[in-house]
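Trainee: Could you take me through one part of this model in detail? I'd like to look at the strands and how they pair, and then at whatever pocket they help to line.

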Amino acid sequence: MGLLFLERLEGEGVFRCRQCRVDAASKDSIISRDFYGRTGRAYLFDRVVNICLGPKEDRYLITGLHTVNDIYCSCCQQILGWRYEKAYDESQKYKEGKFILERGRMVRDG
């Protein structure tokens, strides 16, 4: 197995994987705090780091049908949330390419 390169985020308000404490996102990348995931509250982010994408799948969510990829911590492989690949409803297109991180799977510094 090769080396694992991880990106470190600077500043306060860094969200980290609850299991291994690897940086995942900055509070500055939050688009919305008004989302829910499998484990409860979740945030919509514009940019996340140190993740791996799972396969694409169609999933029915509260706002309708979306094509999503689950996202995993690149260090410990804990599931962290998902990435919106495609939104079928025109009003949901703003989510495409954005990421959901579930609060219950994260810890926050600062």
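Mentor: Here's a walk along the strands, with a stop at one buried side chain and then at the pocket. Keep in mind that this is a predicted model.

Let's start with β3 and β4. Strand β3 covers residues 30-37 and β4 covers residues 40-45, and the two pair in the antiparallel sense over five bridges. Together β3 and β4 make a hairpin, with two residues between them. If you want a spot to zoom in on, try Tyr-36, which stands opposite Arg-41 in β4.

Now move on from β4 to its other partner here, β8 (residues 99-102). Four bridges join β4 and β8, and again the strands run antiparallel. One pair to pick out is Tyr-43 with its bridge partner in β8, Leu-101.

While you're at β8, have a look at Glu-102, which is found in that strand. Is Glu-102 buried or exposed? Glu-102 counts as buried because its relative accessibility is 0%, and the cut-off for buried is under 20%. Its side chain does have a polar partner, though: the side chain of Glu-102 makes a polar contact with the side chain of Thr-39, at 2.6 Å.

Next, the largest pocket, which brings us back to β3. What are the numbers? Its volume is about 220 Å³, and 14 residues line it. Phe-35, Tyr-36, Leu-61, Ile-62 and Tyr-84 are the lining residues nearest the centre of the pocket. So you meet Tyr-36 again, the residue that stands opposite Arg-41.

Which strands supply the lining? At least two residues each come from β3, β5 (51-61) and β7 (79-87). Of the strands, β3 gives the most, with four residues. As for chemistry, the lining splits into eight nonpolar, two polar and four charged residues.

To finish, there's a separate stop at an open sheet. Three strands form it in the order β2-β1-β9, with antiparallel pairing. The edge strands, β2 (23-26) and β9 (106-108), each pair on one side only. From one strand to the next, the twist averages 30°. Within this sheet, β1 (residues 14-17) pairs with β2 over three bridges in the antiparallel sense, and you'll find Phe-15 opposite Ala-25 in β2.

Terms used
Residues are numbered from 1 along each chain as its sequence is written. This is a predicted model: local features need pLDDT of at least 70, side-chain atom pairs count only at pLDDT 80 or more; totals for chains, interfaces and linings use all residues. Side-chain values use heavy atoms; hydrogens and water are left out. Two strands pair if DSSP finds at least two bridges between them. Axes are lines fitted to C-alpha atoms, for helices over the stretch in contact, and angles run from 0 to 180 degrees between N-to-C directions. On a 1 Å grid over the protein atoms alone, a cavity is a set of points where a 1.4 Å probe fits but cannot get out, and a pocket is an open set with protein on both sides within 12 Å along at least five of seven lines; lining residues have an atom within 4 Å of a point. Grid points are joined across faces, edges and corners, and a volume is the space filled by probe spheres set on the points. Ala, Val, Leu, Ile, Met, Phe, Trp, Tyr, Cys and Pro count as nonpolar, Asp, Glu, Lys and Arg as charged, and the others, Gly among them, as polar. Buried means under 20% relative accessible area, exposed over 50%, partly exposed in between (1.4 Å probe, protein chains only). A polar contact is a pair of N or O atoms within 3.5 Å; within protein, one must be able to donate a hydrogen and the other to accept it, and residues adjacent in sequence count only if both atoms are side-chain atoms.
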